[in-house]
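Subject: Structure for your review

Dear colleague,

Please find the structure below, handed over for your study. My findings follow directly after it.

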Amino acid sequence: MTDTIGTTALVDWITRFRDAVVEKRDWLTELDSAIGDADHGSNMARGMTAVVEKLDGGAPATTDELLKSVGMTLVSSVGGASGPLYGTLFLRMGMAAGAVSELDAAGLAGALRAGLEGIVARGKAEAGDKTMFDAMSPAVDAFDAAIAGGADLASASRSAADAAAAGRDATLPLVARKGRASYLGERSAGHIDPGAASTAILFDTLAAAIAGSS
Ligand code: ADP
Ligand code: MG
């Protein structure tokens, strides 16, 4: 069996992510109401709904075009910080993926790493700033480590999802140094970062899509 993720499974990931952010919209907004402006759930639900509507009209056959389409729709449909940041993640993943119909483990690892680097280039977040980076960076590291240790895509993506969830939970005591939450200073401590929460959902749905396709 070849261990790859093709465009059908990528669309399944994107669709599962849409379903999950729509389902968890109120919770994500609640998290953002504590340290932001109470719109992260609606931002993510609106953006991902627009993404899946566009894909329903005909999904591109290559991984680069598919991921770039997701990114462009997010950038154009979400006004908050998360739209350009998630948009950049998918755009950079697409640029790294290339015009292929499927990605192997190294290809997906490279795309995720490029996406994370794009988020850093755009938002300048560092570890411990209490942002989506704090869930995404450990997830991408865990994915790489699993692949280097010989894991298949299913278990590497599950390791990444577990690391993202741990990273999300670890944002709770942090004082925000980037984004709207940083305006609160010390008062931002004691709350989970909403973007880290949606990032944990992103990796959980990736693992679910890969598990479902093998
Ligand atoms: P906004 O902050 O514009 O209302 P959202 O509420 O949709 O946008 O998204 C907020 C999330 O965006 C935060 O919880 C944080 O994870 C993420 N974020 C904000 N600024 C940055 C940044 N500079 N780098 C990385 N992530 C960021
Ligand atoms: Mg907000």
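A backbone N or O atom of Gly123 lies 2.8 Å from a nitrogen atom of ligand 1, in a model that is predicted. This pair is a polar contact, that is, two N or O atoms within 3.5 Å. Two side chains also approach the ligand: a polar atom of Asp39 is 3.0 Å from an oxygen atom of ligand 1, and a polar atom of Arg180 is 3.1 Å from an oxygen atom of ligand 1. The protein covers 92% of the 570 Å² of accessible area that ligand 1 has on its own (Shrake-Rupley method, 1.4 Å probe).

The shell around ligand 1 holds 20 residues, of which Asn43, Ala81, Ser82, Gly123 and Asp193 are the closest; a residue counts if one of its heavy atoms lies within 4 Å. Six of the shell residues are nonpolar, eight polar and six charged, with Gly counted as polar. H3, H5 and H9 each give at least two residues to this shell, and the largest share, three residues, comes from H9. Helices here are DSSP runs (H or I) of at least four residues, numbered from the N terminus.

Where does ligand 1 sit? Ligand 1 occupies the largest pocket, in the sense that more than half of its atoms lie within 2 Å of the pocket's grid points. A pocket is an open set of points on a 1 Å grid over the protein atoms alone, where a 1.4 Å probe fits, with protein on both sides within 12 Å along at least five of seven lines; lining residues have an atom within 4 Å of a point. The volume of the largest pocket is about 500 Å³, taken as the space filled by probe spheres set on the points. Its lining has 25 residues, and Ala81, Ser82, Leu85, Gly179 and Arg180 are the closest to the centre.

Residues are numbered from 1 along each chain as written, and chains are lettered from A and ligands numbered from 1 in written order. Local features need pLDDT of at least 70 and side-chain atom pairs 80 or more, while totals for chains, interfaces and linings use all residues; side-chain values use heavy atoms, without hydrogens and water.

Yours sincerely

Note on methods. Polar contact = N/O pair within 3.5 Å; in protein donor to acceptor, adjacent residues only side chain to side chain.
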